[in-house]
Amino acid sequence: MTSSDALPTGAFKISSPFGRRAIALSIAAAVGGFLFGFDSSVINGAVDSIEGTFDTSPFLTGLVVAVALLGCAVGALLAGTLSDKWGRLRVMLLGGVLFFVSSIGTALTFSIPDLFVWRILSGLGIGIASVVAPAYIAEIAPRQIRGSLASLQQLAITLGIFGALLSDALLANTAGGASETLWLGMAAWRWMFLVGVIPSAVYIILSFTMPESPRYLLAKGRQEDARKIFARLVPAVDLDQTMNDLNAAIDEDRKNRSASLRGKALGLQPIVWVGIILSVFQQFVGINVIFYYSTSLWKAVGFDESDSLLITVITSMTNVVMTLVAIWLVDRVGRKPILLTGSALMTLSLGAMALAFSFAEGSGTDVSLPGVWGPVALVAANLFVVGFAASWGPLVWVLLGEIFPSRIRGKALGVAAAAQWIANFLITMSFPVMSSWSLPLTYGMYAAFALLSFFYVIWKIPETKGMELEKTETLFVQKPKKQKA
Ligand code: BGC
């Protein structure tokens, strides 16, 4: 995923039939990213209605939202192993079926225990999609455009979040409120989940029509089948070279099958810790509090439900647009300046939110922000999303793809992705309880993590822009240990 991979070279043209097919297949695979974004944030518009319908405490509400994320962690760890055994497409199909079934189940849920089951199943689907979609894209992408195609995944995630929040807002507004009855006697919040069957069905159909990953076919010894698929994806002059390179890489992987993540630093290799810590920071700045809870948040500070839903939709549009900016910048400006600018902007905006909420009047669910503090909180929350989406959002995934040595890349990525889901779980779970206790303290804590992330980047993250994938690992291994933040 380096910029040298992204540069079109030689005979390869994006506009050629090969380029167009690779782009089409990558978009198809990225539907998994769309479902990841959709299913993880569709709960946003429904949280309060679930709380009202089932009369849950803040702790239980947090658990209902967050339990899906534990499923995600398990799904991410399982996806790697399963897709090596069954093939990428069957695992995509499994993800699609989990999305489909859990969308219907959640919509028809009748009690908290069965809601938990549906949330966990949907989480397994999200975890699977979070690993299988980028893997499939990397495996079918011609090397010259692999970087840009890999970025489609984060774009799809943000579009999924946007799609979910927009559909939540439309359904709630049509019904006159998320808890009001919409069609067929079902409340609007139930329809929010049911809408998920549409992208799930698309994903299921795609998994039947897409070709299997040629890398998987080669690993299974199916040389001719793999060659036929590659013949449609790379120009004839590159075909033998591509097959030889892949066969060599697969042999290398086989030799290193027993390569372990273990090392002296608390049982793991230092580089694995870098991946885990990047993932944890990405979540500990509290980004998903915005994407899972913002409707309740804005209602709590005095906006009515319809305005709160609208603000949430605007925030998720900002997220999409800024992700495009990051994709454009990443190979031009480099990783490190983008991460540092993002950390600084997030620290300031989260600090401003903490300050604004310290002026909140009232108590319980009946609080409001007086005078300028409402608009200050609103602008600060959106600046925070700008800071995140243009930096840590996409860049953590980019770095996770390029910092690990190839002999441990698969396993290390699985561990770092699982760490990200667990960190996400902790933040999502603790938000309702922490915020009912003190909103300034909650945002102050996220601001502190954003500040720490700034120093961590200065201390530990070397620039990897434009480097060959094989070279990046040496930067991390040779880093002098004495430097202090
Ligand atoms: C993170 C998600 C987050 C999303 C927001 C992704 O990089 O993994 O947890 O919801 O960005 O756009």
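User: What makes a residue count as near the ligand in this predicted model?

Analyst: A residue is near a molecule if one of its heavy atoms lies within 4 Å of it. In this predicted model, 13 residues are around the ligand, and Gln282, Asn288, Asn319, Trp397 and Gln420 come nearest.

User: What makes the pair between the side chain of Gln154 and the ligand a polar contact?

Analyst: A polar contact is a pair of N or O atoms within 3.5 Å. An N or O atom in the side chain of Gln154 is 3.0 Å from an oxygen atom of the ligand, so the pair meets the cut-off. For Gln282, a polar side-chain atom lies 3.0 Å from a ligand oxygen. With Gly393 the polar atom belongs to the backbone, and the distance to an oxygen atom of the ligand is 3.3 Å.

User: How much of the ligand's accessible area does the protein cover?

Analyst: On its own the ligand has 310 Å² of accessible area, and the protein covers 99% of that.

User: Where does the ligand sit, and what makes that place a cavity?

Analyst: The ligand sits in the largest cavity. A cavity is a set of points where a 1.4 Å probe fits but cannot get out.

User: Which helix gives the largest share of the shell around the ligand?

Analyst: H7 does, with 3 residues. Helices H7 (146-175), H13 (270-284), H14 (287-300), H18 (392-402) and H19 (409-437) each supply at least two.

User: How many residues of each class does the shell have?

Analyst: The shell has 9 polar, 4 nonpolar and no charged residues.

User: Why is the ligand said to lie between domain 1 and domain 2?

Analyst: Because domain 1 (15-210) and domain 2 (262-476) both give residues to the shell around the ligand.

How values were computed: Residues are numbered from 1 along each chain as its sequence is written. This is a predicted model: local features need pLDDT of at least 70, side-chain atom pairs count only at pLDDT 80 or more; totals for chains, interfaces and linings use all residues. Side-chain values use heavy atoms; hydrogens and water are left out. A polar contact is a pair of N or O atoms within 3.5 Å; within protein, one must be able to donate a hydrogen and the other to accept it, and residues adjacent in sequence count only if both atoms are side-chain atoms. Accessible areas come from the Shrake-Rupley method with a 1.4 Å probe; for residues, only the protein chains shown count as cover. On a 1 Å grid over the protein atoms alone, a cavity is a set of points where a 1.4 Å probe fits but cannot get out, and a pocket is an open set with protein on both sides within 12 Å along at least five of seven lines; lining residues have an atom within 4 Å of a point. A molecule sits in a cavity or pocket if more than half of its atoms lie within 2 Å of its grid points. Helices (H or I, at least four residues) and strands (E, at least two) are DSSP runs, numbered from the N terminus. Ala, Val, Leu, Ile, Met, Phe, Trp, Tyr, Cys and Pro count as nonpolar, Asp, Glu, Lys and Arg as charged, and the others, Gly among them, as polar. Domain bounds come from an automatic or database domain assignment.
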